Amino acid sequence: MKFKYFLICILLILPIFLTACKKNNQNDLLQNIVNNTTKEVDNDTQWHGKLIYSDNIIKWGVPNLYKISDRALSEFNKKLVNMGYDFNVEFISLDFNNYHDELKKYEEKYGSLDIAFTGFNSNKHKELILEWILSGYYIPLDNYLTSSDGKDLWELYDSKIWDSVKVENSIYMVPNGVGTNNGIVFAFNKEYVSEQELSNFTGKLEQLEKFLDYLPSSDDFVPIIIELSDMSLTDLIACDYRYGLILPHNEKAAYNPYDYNNFRDLLLVLNKYYKANYIQDDYCLIGNEEKPSTYTELVDKKLKEGKFFVYIGDKSRISSNYENILIYEMPSYIRTRLNGTGIAAGSKKQNDAFKLLALSYTNQELANLLIHGLEGYDYTLKNNVAYPTSDDGGNAWLNQLTLGIYENTYPMPGESFKTDKITDKREFYKYHVTASPYYNAPHCQDNFSAFLS
């Protein structure tokens with residue numbers, strides 16, 4: 001969707017926009033990606049090796065967005081045995097559009113899975129993940145996380161992140177590492193603004209206007225580059241959206257979206273900047289729009305060449321090698337996010353399933369096999385960055401999304417970190433993230449009004 005149509009829709013049909021952003025855009029985005037994906041990474045007709053090295057198979061249910069080559073899966077299972085573990089993994093691929101229905105059908109026919117991704121909520125089932133947890137499908141992981149097998153996994157995430165996936169004070173899933181952000185930054189080009197001129201900047205988009213008229217008007221100069229998810233968009237004005245309400249992060253209150261001036265003003269400013277060509281389609285992603293294949297390359301080129309005024313987006317997108325920028329970091333908040341991977345209550349191999357889950361998240365070699373594949377075949381490693389060997393850009397991002405494995409994997413092109421993924425994230429959540437007033441609020445809408453009172 002082009003940016004101008006995005007703004008028209010949200011200005012004219014605000015409730016629909018809000019609901020779609022928070023509940024259904026993940027599925028829309030992923031469907032677009034699936035529809036435009038032709039690569040079959042697991043159809044390796046030139047390789048006829050062994051996939052399984054143990055009779056003890058752990059079945060892991062995943063949406064069919066997840067792809068792993070036969071060679072990578074073989075290497076993963078072989079390494080498990082070589083490490084002394086008497087189990088291997090088999091991934092059960094389920095249609096992500098009907099993930100929960102497909103999961104039920106599979107288990108009716110073949111028996112329980114051992115590990116299962118939670119799937120996604122949708123407009124029709126806004127609390128679907130919660131319903132599955134409350135139904136008893138997943139087991140609590142609290143005791144496992146305090147065991148010797150769970151120690152490294154527990155330490156992988158800040159306590160705020162673990163708290164964000166609690167239901168009735170218990171943990172039923174390993175948090176999805178992709179779903180926890182690194183903070184929003186405004187990265188200014190020092191050639192066009194000084195540190196002194198930004199001394200009073202507070203992260204409001206309208207504060208950019210006084211600089212914009214003095215920028216170059218050449219065709220290859222992009223004044224504003226924006227890369228914000230739907231949640232990041234509302235973080236710009238320090239609020240959340242839930243149950244059709246605007247929920248400010250700085251007070252325990254709820255507002256009608258029509259009456260919340262900050263949100264309306266944000267959309268009006270974006271519209272104004274677009275009409276003035278300060279924001280351009282090729283360098284703007286708001287909400288969970290599908291990224292053009294050239295997007296990362298185009299943005300990186302502008303950042304490196306200095307042909308921009310300000311980049312607004314994820315902190316990890318900005319390389320410490322960009323010496324021409326001044327950083328303003330927005331206040332960051334964490335909210336409840338029920339999305340991850342857990343152990344099925346019907347599994348007869350729960351102990352081994354947890355060991356496998358913990359190893360997959362915490363062992364760097366195993367994590368990279370699951371996400372990037374086999375080095376030299378699925379990707380090449382250059383300066384500790386994983387470059388896919390396929391022309392279509394590979395499947396690493398979708399693999400991270402569906403497995404939740406992020407911290408112990410190599411960065412993809414376009415990602416950069418001050419120290420490394422784990423260190424940067426720990427410091428960020430420890431020192432820079434505040435829990436929203438709605439953190440650990442009731443998950444059910446029926447109980448939410450009582451929480452506000």
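A residue counts as buried here when its relative accessible area is under 20%, and that cut-off is handy for helix α15: seven of its eight residues (the helix spans 396-403) pass it, so α15 is largely enclosed by the rest of the structure. Keep in mind that this is a predicted model. The chain has 453 residues, and 53% of them are buried. Its secondary structure comes to 17 helices and 18 strands. Take the contacts between residues at least 6 apart in sequence, and 76% of them turn out to join residues at least 24 apart.

**The enclosed helix, α15**

- The buried residues of α15 are A396, L398, N399, Q400, L401, T402 and L403.
- Right after α15 comes G404, with a positive phi of about 80 degrees.
- L403 turns up again in the largest nonpolar core, as one of the residues with the most contacts inside it.

**The nonpolar cores**

- The largest nonpolar core holds 72 residues, and the ones with the most contacts inside it are W60, F91, L153, L356 and L403.
- Helix α13, residues 350-362, is the top contributor to this core, putting in seven residues.
- There's also a second, separate core of 38 residues, with F201, L215, C239 and M330 among its members.
- Setting aside residues up to four places away in sequence, W60 touches quite a list: V89, E90, F91, I92, I115, T341, L356, L357, S360, L403 and I405.
- Three of the names on that W60 list, F91, L356 and L403, are also among the core residues with the most contacts.

**Helix α3 against helix α14**

- A pair of packed helices is described by the angle between the axes and the distance between them.
- For α3 (residues 70-82) and α14 (residues 364-371), the angle is about 155 degrees and the axes are 9 Å apart.
- That angle makes α3 roughly antiparallel to α14, since the label applies to angles over 145 degrees.
- The crossing of α3 past α14 is left-handed.
- On the α3 side the contact is made by A72, E75, F76, K79 and L80, and on the α14 side by E365, L366, L369 and L370.
- Sorted by type, the residues in this contact are six nonpolar and three charged, with no polar ones.

**Buried spots worth a click**

- L130 is in helix α5, residues 128-134, and is buried at 4% relative accessibility.
- L130 and L338 are 208 residues apart in sequence, yet their C-alpha atoms are 7.3 Å apart in space.
- S347 sits in the loop between β15 (340-343) and α13.
- Although a loop residue, S347 counts as buried, because its relative accessibility is 7% and the cut-off is 20%.
- Neighbours within four places in sequence aside, S347 is in contact with S112, L113 and D114.
- D424 belongs to helix α16, residues 421-431.
- With a relative accessible area of 17%, D424 is buried, since the limit is 20%.
- Beyond its neighbours within four places in sequence, D424 is in contact with F417, K418 and T419.

**Loops with positive phi**

- E168 isn't a glycine, but its phi is positive, near 50 degrees.
- You'll find E168 in the loop between β4 (166-167) and β5 (170-171), where it is exposed with a relative accessible area of 65%.
- N384 is another non-glycine with a positive phi, in this case about 65 degrees.
- The loop holding N384 runs between β16 (379-382) and β17 (385-388).
- N384 is partly exposed, at 46% relative accessibility.

**The loop around E197**

- E197 lies in the loop between β7 (184-189) and α9 (209-212).
- At 43% relative accessibility, E197 counts as partly exposed.
- Not counting residues up to four places away in sequence, E197 touches Y192, K210 and F211.
- One of these partners, F211, is 14 residues from E197 in sequence, with a C-alpha to C-alpha distance of 9.7 Å.

Technical notes:
Residues numbered from 1 in each chain as written. Predicted model: local features only at pLDDT ≥ 70, side-chain atom pairs only at ≥ 80, totals over all residues. Heavy atoms only, no water. Core = buried A, V, L, I, M, F, W, Y, C linked by side-chain atoms within 4.5 Å. Buried < 20%, exposed > 50% of the residue type's maximum accessible area, 1.4 Å probe, protein only. Helix = DSSP H or I, 4+ residues; strand = E, 2+ residues; numbered from the N terminus. Contact = heavy atoms within 4.5 Å. Axes fitted to C-alpha atoms, helices over the stretch in contact; angles between N-to-C directions. Parallel < 35°, antiparallel > 145°, perpendicular 65-115°, else oblique. Left-handed = near helix turned anticlockwise from the far one by under 90°. Nonpolar A, V, L, I, M, F, W, Y, C, P; charged D, E, K, R; others polar.
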